Structure formats: structure tokens, C-alpha cells
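Please look through the sequence and the structure below before reading on. The briefing after them is meant for a reader who has not met this structure before.

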Amino acid sequence: ASERERNLRSPICCIMGHVDTGKTKLLDFIRGTNVQECEAGGITQQIGATYFPIENIQQRTKELKADAKLNVPGLLVIDTPGHESFSNLRSRGSGLCDIAILVVDIMHGLERQTIESLDLLKMRNTEFVVALNKVDRLYGWKTFRNTPIVKAMKQQSKDVQNEFNIRLTQIITEFKNQGLNTELYYKNKDMGETFNIVPTSAISGEGIPDLLLLLVQWTQKTMFEKLTSSNEIQCTVLEVKVAEGHGTTIDVVLVNGILHEGDQIVVCGMQGAIVTTIRALLTPHPMKELRVKGTYLHHKEIKAAQGIKITAQGLEHAIAGTSLYVVGPNDELEDMKESVMEDMRSVMSRIDKSGEGVCVQASTLGSLEALLEYLKSDEVNVPVSRISIGPAHKKDVMKASVMLEKRKEYATILAFDVKVTPEARALADELGVRIFCSDTIYNLVKQFKAYIDNMKE
Ligand code: GTP
Ligand code: MG
Ligand code: NA
């Protein structure tokens, strides 16, 4: 390989689509994991990241093209939620990626969040491949594990092939109605103008070799410039988490550049910009999901693209969904502190100015944004007087109790996907502050609504 080919960074691929089309399951199949079954309600509520080394992709695609020359070091895949209340996370995911997989359920065709995802991709001019998933649900489908789709399709009965063709034609028409030409990738003579469709099954793996090969070949062929590593750091905080033995850590996606142990970094925090030094750079093992607890690999430096856990002092109040900066020799620290706080301001502006409303607590800025969005919607319409990120403590209960005098029903904490400390709970009982907890937005708001309705009676 040439010097430049050796310097390519891994492309970032974001997986998007309507809820339950099989996004996480597809990744599970490729990883050999079962993340999906461990999700609350089987619903993805956070952005995930998994690194696939090129050796693994080579191995899985060798039946298709043994001699394919793959130059990128690997593929970083970002999983996003399809549930309607997480449009902010879909938007964030699509903003990080070089290419996307748009997953469509062959039994359902284009659905609401398929179209929303399409609009995001069109807006940013992002290339994408359609995974037409759940082909194993075609009546009478015969399983050929891990098999390239053309080979698997040839061995199906006439009835299965007919049903497939009818559904495919229908879905191509639905894309056409959205102003897009699509075609089965192995029949597509107009790549670039006509988007590729790869039929897949996340249960038995037909079409998965095709999907992987297409992603790698397409990105390295058409995005050479973009993937040629530059030193400019581009990095986004996905999550703030306490990790056993590491204290508070941040999970980030390094989109571009190189991070080193000992780098001075600036991160957006609840109480202002955080300036700290990278103590350790950790990654999950290849083919493991960053969202899921496990053992980590230590690195002196890491090149993009990668999902990384960073340990450093003072990250307790860091906010997910914001940018991370590395302080260089010529940088003005004060300017960097200014810019890093920008992301926070938009969320703060959602709080009710009257000062009357419930308190909302969530695990990440992303989940907080999603919850605020939903509370603001016409169907729900609940005012919010205070927001916080992270576990609910006594001080949060104290703050919520202020509402007891004004609007008793708002002396409430809606705790979304966060812990409530026993002390906070005890104080809440003592003061008469209600705490509702759930790890799904719908349940949380349903509990609160039931409480309000009950009070009115
Ligand atoms: P969200 O992240 O919540 O938007 O959903 P998702 O798109 O990640 O879908 P998920 O992986 O959670 O799968 C949803 C359901 O569809 C699960 O019950 C899966 O087992 C099932 N499923 C996913 N892919 C396939 C497939 O290829 N074939 C069949 N038969 N079932 C599938
Ligand atoms: Mg999912
Ligand atoms: Na799901």
C-alpha cells in the first residue's frame, strides 16, 4: 500500500432507521454478542460505538471477494435509537458519520423514522446503503447462515423469490416517492446516483458479508480525501459514566486526529468548562460495544476513528453530547472554554421562565434533550423548572421541594435512567416530594400523568 493508503483513518458508519427494524440486532450478529436482548424494553436509548478491525471484515467477506483490497484500518459503527423521542440522538449520530446504513424492515417498508432519518441524511448529503432487513421472515425462507445474498436467494423457492420481488418493488417505489432512486446493489449500474439496497437477516446473517464489503469498498473508493488523516482533533462526548476502578469517565467518539495520554483537554461541564489531563485512554476489545460494561484495553495514543473511554480528574459534571477539545501549544485556553460551553446553552433555554414546573433528571444531555422534547410536545405539555444530569441527590430533592408552596403537583422529580440515592429518597418521603423513575421516557411520563389525574379527582 502507498504511504497515503496506509494513513487512512477508519470510516465511521452510523446505523439508522425506524424503531425495531433490527439495527442493534444486525450489529449483534456481526459482533457475535447479544446487546439487544439486554436493552430495557428492547429499545436503544443511547448512542453506541463498536470498532470492527479490517482483518475481521476481510475474514467475513472472503466468500464474496477473496482478493478485495481493503485499505482502511477498520470500521467504527455507531448504533442509534429508532424510537421517535430520540431524534436528537439520530441527528447527533448522523452528524458524526461518513456513511450510513439505513435499515428498513422488509415486512413494513418505509416508516416514520425511516423518513426522518432519510431527511437527516439528505440534509447533510451523507452517502448511505439500505439494509432491507428481516428477509428470513419471508414465508418459507430457507436459512443459509452468513451467506452472500445472491447465493442465498438462488436457493429459495419460487414463492419466496416472488414475495421478495413484490416487496422490493413496493419499497423501491416508496423511496422514489421520497425523491430517491434505489436498486439492489448487485443490479445497480449507476452507483452514486442510485442508492444500494442489500437484503439482510440479522437472525441468520444472509447478506451481511455483502453489507460489510460494500461499506468498506464504497468509503475507501469515494472518500479518500476525507479519510486521509489530518491532525485536527474532532471528538464528541457520548456519555459520562462511573466505571469501576476508574472513577468518573467519559465515553467519546474520536472522529479525527490522535489523542494521547497526558493531553490537556477542555470539556463542557454543568458548572462551566472543565480543564483536565487525560489519565488513561481505554477502548473495549474490538467487536465489543462501548455502551456495555466490560474489560478495557489501555493505549498510549489512539488514532481516529475510535470509540474511547477517557479517564481524567474532574469529569463528574461533564455533559454528554458536547465537543471535546485538546489544548495545543498555540491555543488560547479562555477561548476554548467559551466555545466548549456553547452546546449547553441551547438546552438551558428550554426551562420554563415562570419558575413553575417539574424537575427533570437524566443520564446524558442527549436523554435529557429527548425527555424535554417529549414533555414539551402538545400531547404531554408538562412545564419544567429545573434540569440536572446524573443521579438524584438530597440537594435535588431540596430544590424540588420549593414547588410544594407554589404548585404541589410539580414538587416532583422525573428521574430518567438515573439512580436515586437512598438519602434523597428518605428526604423526599419526609418532605412530600414525589420521585418517578424509569428507564423509558414513555413509562416515566405515563406514571407522572397517572399521578396528576389522580390528584385532580
Ligand atoms: P431500536 O434501537 O429500539 O430502534 O430497535 P432496533 O432497530 O435496534 O431493532 P432491534 O435490534 O432491537 O430488533 C427489534 C426486534 O426485531 C427484535 O425482537 C429482534 O429480534 C427482531 N429482529 C431484528 N432483526 C431481525 C431479522 O433480521 N429477522 C427477524 N426475524 N427478526 C429480527
Ligand atoms: Mg437498537
Ligand atoms: Na428495538
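What follows covers the ligand site, the two metal ions and some backbone details.

The model described here is a predicted one. Ligand 1 sits in the second largest pocket, where 22 residues surround it. A sodium ion (ligand 3) and a magnesium ion (ligand 2) are also present, 4.5 Å apart.

**The shell around ligand 1**

- Among the 22 residues that surround ligand 1, the closest are Lys23, Gln36, Thr44, Asp136 and Ala202.
- When the shell around ligand 1 is divided by residue character, eleven of its residues are polar, six are charged and five are nonpolar.
- Helix α2, which spans residues 23-31, provides the largest share of this shell, and that share amounts to three residues.

**Polar contacts of ligand 1**

- Glutamine 36 places a polar side-chain atom 2.7 Å from an oxygen atom of ligand 1, while aspartate 136 has a polar side-chain atom that lies 2.7 Å from a nitrogen atom of the ligand.
- Alanine 202 takes part through its backbone, with an N or O atom that lies 2.7 Å from an oxygen atom of ligand 1.
- Of the 650 Å² of accessible area that ligand 1 has on its own, the protein covers 85%.

**The magnesium ion (ligand 2)**

- The magnesium ion is coordinated by the OG1 atoms of Thr24 and Thr44, at 2.0 Å.
- These two residues link distant parts of the chain, since threonine 24 belongs to helix α2 and threonine 44 to the loop between α2 and β2, 20 residues apart.
- Thr44 is thus named twice in this briefing, being one of the closest residues to ligand 1 and also a ligating residue of the magnesium ion.

**The sodium ion (ligand 3)**

- The sodium ion is coordinated at 2.2 to 2.3 Å by Asp20, through OD, and by Gly42, through O.
- Aspartate 20 lies in the loop between β1 (12-17) and α2, and glycine 42 in the loop between α2 and β2 (48-53), so the pair ties together parts of the chain that are 22 residues apart in sequence.

**Backbone details**

- Most residues other than glycine have a negative phi, and most peptide bonds are trans.
- Aspartate 20, which helps to coordinate the sodium ion, has a positive phi near 65° although it is a residue other than glycine.
- Asparagine 381, also a residue other than glycine, has a positive phi near 55°, and its place is in the loop between α12 (365-376) and β19 (384-389).
- The peptide bond that joins alanine 304 and alanine 305 is cis, with omega at about -5°, and alanine 305 is found in the loop between β15 (301-303) and β16 (306-311).

How values were computed:
Residues numbered from 1 in each chain as written. Chains lettered and ligands numbered in written order. Predicted model: local features only at pLDDT ≥ 70, side-chain atom pairs only at ≥ 80, totals over all residues. Heavy atoms only, no water. Near = heavy atom within 4 Å. Polar contact = N/O pair within 3.5 Å; in protein donor to acceptor, adjacent residues only side chain to side chain. Areas by Shrake-Rupley, 256 points an atom, 1.4 Å probe, with all protein chains shown as cover. 1 Å grid on protein atoms, 1.4 Å probe; cavity = no way out; pocket = protein on both sides within 12 Å on 5 of 7 lines; lining within 4 Å. Sits in = over half its atoms within 2 Å of the grid points. Helix = DSSP H or I, 4+ residues; strand = E, 2+ residues; numbered from the N terminus. Nonpolar A, V, L, I, M, F, W, Y, C, P; charged D, E, K, R; others polar. Donors = N, O, S within 2.8 Å, 3.2 Å for Na, K, Ca; no water.
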